[in-house]
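User: Hi! Could you walk me through this model, one question at a time?

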Amino acid sequence: MKKRFLLIILSCLSLTLFAARIDLNKASLEELKTLPVTQQQAEDIFNYRFYIDYFQSIYDLTEIESIDQVTLNKIKPLVSVSHYTDKDEAALRRDEIYYLIERLGSNEGLQEGMSDVWEDYLMTPRNINKMPFSEILNMPNTSAIDVAAILKRRANGDTLANYRDLRFSPGISYYGAKNLQHYIYYKDEPSDNKVFVDYQMKFSSSPFAGDESEMYKETMIRYDTSSSQPNTPSIKKQSYWGYFNMESYRTEVMNKIRLRYLNNWKAGLMTNSDKMDTSFFMDSKSKFADDAKYYVGYESEIDLLGYNYLKLYAGNYRATFGEGLVMENTDYYSPRKTGYGFNKRITGIIGDISRTQEYSLRGVAVDWKRDNMNAVVFLSQDKKDAIVYDSNNNGKLDDEDNVLSYITLSERFSNDDLESAEEFFNTYLDEELPYVNDNIVNIAPRLDAVEENLIGGHVEYSPFIGTHLGLTGYEATYDRNFVVPDADSLAHLLIAFDDDAEAKWKMTDAEISSMYSTLTSEYDRNYRRVVGFDWRTVLNNTSFQGEYAEMEVDGSLHKIGDDPSALLMSSYTQFENLSLLTIYRDYDLEFDNPYHRSFSESQRYDDTEFDKLTYGLNNTLLTDMYLNASQPSAEKGFYIQTRYQFHRMFTLTKAYIDFWERKSDARRGVRFEAKLEFKPIHQLRFRLRNKIQQKRYDELLDRGRSTAGETQLECIVYLSNFDKLTLGFTHASVDQPPYLSILANPAIAGAPDMAQAVSHSNGDLIGVDYVHNFNENLKVIGAFAIWKAYGASFWDFEDVELDFDQSDRGYKYWFNIHSRIANNLFISLKYKYKQFMTRELEFRDYNEIPTTGEYYFQRVESNEHYLRLQLDMKF
């Protein structure tokens, strides 16, 4: 390993021989500070270029009062002066849009429509001297402390006239001002009646992810291995994978168009083809109505008894308030979502044509803001996919049966297709044959199984700048009952091999049995009701915020503490070179709010039966309950994160530690990660990342104790023309009990004790990433990686996407071509090739060695191709 580290370091040092000088016309303030000049001199150079003129030659530095001849001689060999183009503001905004498309556009689903909102501000900015607190806070990478600094200056009667006024507002950070500059105006711009049209098309062809493919490959037809093997269908037909012929790649096509008149009238439409459908457009009018997303919106400033800002939306919209405990409607889960940086929440009401389907809201919403008030009302009527089970015991699933829970499906097969597959599988469940699961039809997902009618609202009052108190709530009514059976009945309903169901039901499965019911022995209702209050206050350079929420079960709506609840409190402290974030959260097990999206370490149903493929669910599609869970797990914990530049060459770019306890089984865990950057010169950077996570850290002898670690070293070289080369090495390791049930079965009386041993898994990955700019309108980003692992796995960032490598060995390469064909036309094309050894899969009876090959997927060499095309037109 030491040789590999040394090789990477030597390679990086050799590349610096070709590193470019610092360009005075392009360098950031931080880059100028790396020169042998004082901080004041660096700021003077930066301000000269920003406020006076670009440099024609290095000798223009003599025009700056603080730069003497001695300083000029010192920095002359270290800098250069390139030809510059004095772009107008519109051109600069187009550059920022180009960056947003690269940074957010290809991963739009996870970014929850942020790119759409920020693009609107770039093309039609608003006057920073009128914007309310929450609207400024929705801007990229701005903190509550930055916003309070702006509003306090406005309250003192000062009008922000330019960027210099913004930057030197007392209390605002350098990065806060810098990130705002292209999104705002400093006065009301004259109206020119422009209509803006944004069109985006995304086409992708990709293989199924590892967990998804395993779910579909798991057999639906199981038999008792102690009996003679019945006449089963071939393995190709024993699973959804074989029945639906899922060997081919899935193709997805998304078309999205947005219209804007000035910054007032807005409309959007998105169509997204089924992942197994290769057609570019919807097949029928009904399909279009069910799956398309659209909105019409109106936003306007109104001078009526002071400043007012009004939003009206009809169609699909996003509603987010506070810390996401009561309402944040997205299908996507993000671990450790702090609400800062590109991981922030856009609060309030915005039009929604993102890829969110299950938790999309469709109806009307009104959002009214004043300087010290905010009131929101939203209504939605939409059909939701859900798990239906045969509660009336008539041998079939029908409209009279109860619902277990909402579910976000990886593949939305039609209800007719699902029923046909279930009928096929059930033809083999003859009582004379030794099959062990005879109730597949008893539980299954169904599309649009529940109609949800939701009404909600948010009221917020700000007594003074930087402080607010808010109240949020919603009530959702349903046309069917949500009923969760008792634990024993639930185990038999979900788990195949009926005789072993109770033995396999664990403490962690309390997250399943604690799901919300509208009908119990104590009450009968058709609704779910959640209320909460949030707060924020800014004191000097620290902001304090939080939210508390309760879901009504059997308590009183007007009493605090008698119903399942969730609490999150945080603080954020900001200095010029240091930031500190702390978060405390405590979520009850029974707080089953489907629109809950706050900070957590893991998603709901982690380590439950929904997460255990090899145990065998009666319907394998129920695994999507875990794979696509968007709610956080019920947990309690304390999180600390910091960023600290403690030396000109050294920056702790991110470091955090999290202590938490899982509520279902009281398992305690700790996770630590730190990223250190060393920058000896501007063109060369070394980055070291170390991550350690331990489960059950306080119980040395517990069978569930495990430790995972990962160390990564990167060397980054910045070349001429903004090219970049990165060499990286990653080592991962996991120490855990062997978990070989064949050695010991605690569910069987008289079984031997658990084997006293620890298994060690490890692996190494070496990668090369590059960025090459052919010119300012065409560039290519790519990488090559090779790995070898003994049970370990790697998360690898590819451009703006995340890839999971869990095979024993393999390699991959990818490239992404970004081209700005014209000022208003952007295109990107990504291709990836991946070759690896597949995992050996056995789907078998619990604690039984397979005697035949019917349930066996052997370990073979496989290759995958991935293609993504994205087109953006803006005019």
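## Strands, cores and salt bridges

Analyst: Happy to! This is a predicted model. A good place to start is the hairpin formed by S18 and S19, with three residues between them.

User: Which residue of S19 is the bridge partner of Gln574?

Analyst: Strand S18 covers residues 565-574 and strand S19 covers residues 578-587, and nine bridges join the two in the antiparallel sense. Gln574 belongs to one of these bridges, and the partner in S19 is Ser579.

User: S19 also pairs with S20. Which residue of S20 is the bridge partner of Thr582?

Analyst: S20 spans residues 635-644, runs antiparallel to S19 and is joined to S19 by nine bridges. Within S20, the partner of Thr582 is Ile640.

User: Let's move to strand S5. How many of its 12 residues are buried?

Analyst: S5 spans residues 195-206 and has strands paired with it. With S6 (residues 250-261) the pairing is antiparallel over 12 bridges, and with S34 (residues 861-874) it is antiparallel over eight bridges. The strand is mostly covered, and the number of buried residues is 10.

User: Which residue in S34 is the bridge partner of Met201?

Analyst: One example from each pairing helps here. On the S6 side, Ser205 has Thr251 as its bridge partner. On the S34 side, the partner of Met201 is Leu871.

User: Stepping back, what share of the residues in the protein chain is buried?

Analyst: The protein chain holds 19 helices and 34 strands. Among its contacts between residues at least 6 apart in sequence, 66% join residues at least 24 apart. The accessible surface comes to about 37900 Å², with 54% of it belonging to carbon and sulfur atoms. Of the 875 residues, the buried share is 55%.

User: Which helix gives the largest share of the largest nonpolar core?

Analyst: That core has 77 residues, and the members touching the most others are Ile150, Leu166, Ile184, Met327 and Phe378. The largest share of this core is seven residues, and they come from the helix spanning residues 144-155, H9.

User: How many residues are in the other core, the one with Phe244 and Leu490?

Analyst: This other core lies apart from the largest one. Besides Phe244 and Leu490, its members include Leu621 and Tyr626. Its residue count is 38.

User: Back in the largest core, which residues does Leu166 touch, leaving aside those up to four places away in sequence?

Analyst: Leu166 is one of the members that touch the most others in the core of 77 residues. Two of its contacts, Ile150 and Ile184, are on that list of most-touching members as well. The full set is Ile150, Leu160, Ile172, Ala177, Leu180, Ile184 and Tyr186.

User: Turning to charges, is Glu328 buried or exposed?

Analyst: Glu328 meets Arg345 in a salt bridge, at 2.8 Å from N to O. The two residues are 17 apart, both in the loop between S9 (307-320) and S10 (348-351). Arg345 has a relative accessible area of 8%, so it counts as buried. Glu328 has a relative accessibility of 0%, below the 20% cut-off, so it is buried.

User: Which residue meets Asp658 in a salt bridge?

Analyst: Asp658 lies in strand S21 (residues 650-662), and its partner is 73 residues away in strand S19. Both side chains are buried. They meet at 2.8 Å, N to O, and the partner is Arg585.

User: How far apart are the closest N and O atoms of Asp665 and Arg662?

Analyst: Asp665 and Arg662 are both buried. They form one of the 40 salt bridges in the structure. Their closest N and O atoms are apart by 2.8 Å.

User: One last thing: is Ile455 buried, partly exposed or exposed?

Analyst: Ile455 lies in strand S14 (residues 443-464). Together with Val364, Val377 and Leu379, Ile455 forms a nonpolar surface patch of about 320 Å² accessible area. Its relative accessibility is 46%, which falls between 20% and 50%, so Ile455 counts as partly exposed.

Notes:
Residues numbered from 1 in each chain as written. Predicted model: local features only at pLDDT ≥ 70, side-chain atom pairs only at ≥ 80, totals over all residues. Heavy atoms only, no water. Buried < 20%, exposed > 50% of the residue type's maximum accessible area, 1.4 Å probe, protein only. Helix = DSSP H or I, 4+ residues; strand = E, 2+ residues; numbered from the N terminus. Pairing = 2+ DSSP bridges. Patch = residues over 30% accessible without salt bridge, like charges linked within 9 Å, V, L, I, M, F, W, Y side chains within 5 Å. Areas by Shrake-Rupley, 256 points an atom, 1.4 Å probe, with all protein chains shown as cover. Salt bridge = Lys/Arg side-chain N within 4 Å of Asp/Glu carboxyl O. Contact = heavy atoms within 4.5 Å. Core = buried A, V, L, I, M, F, W, Y, C linked by side-chain atoms within 4.5 Å.
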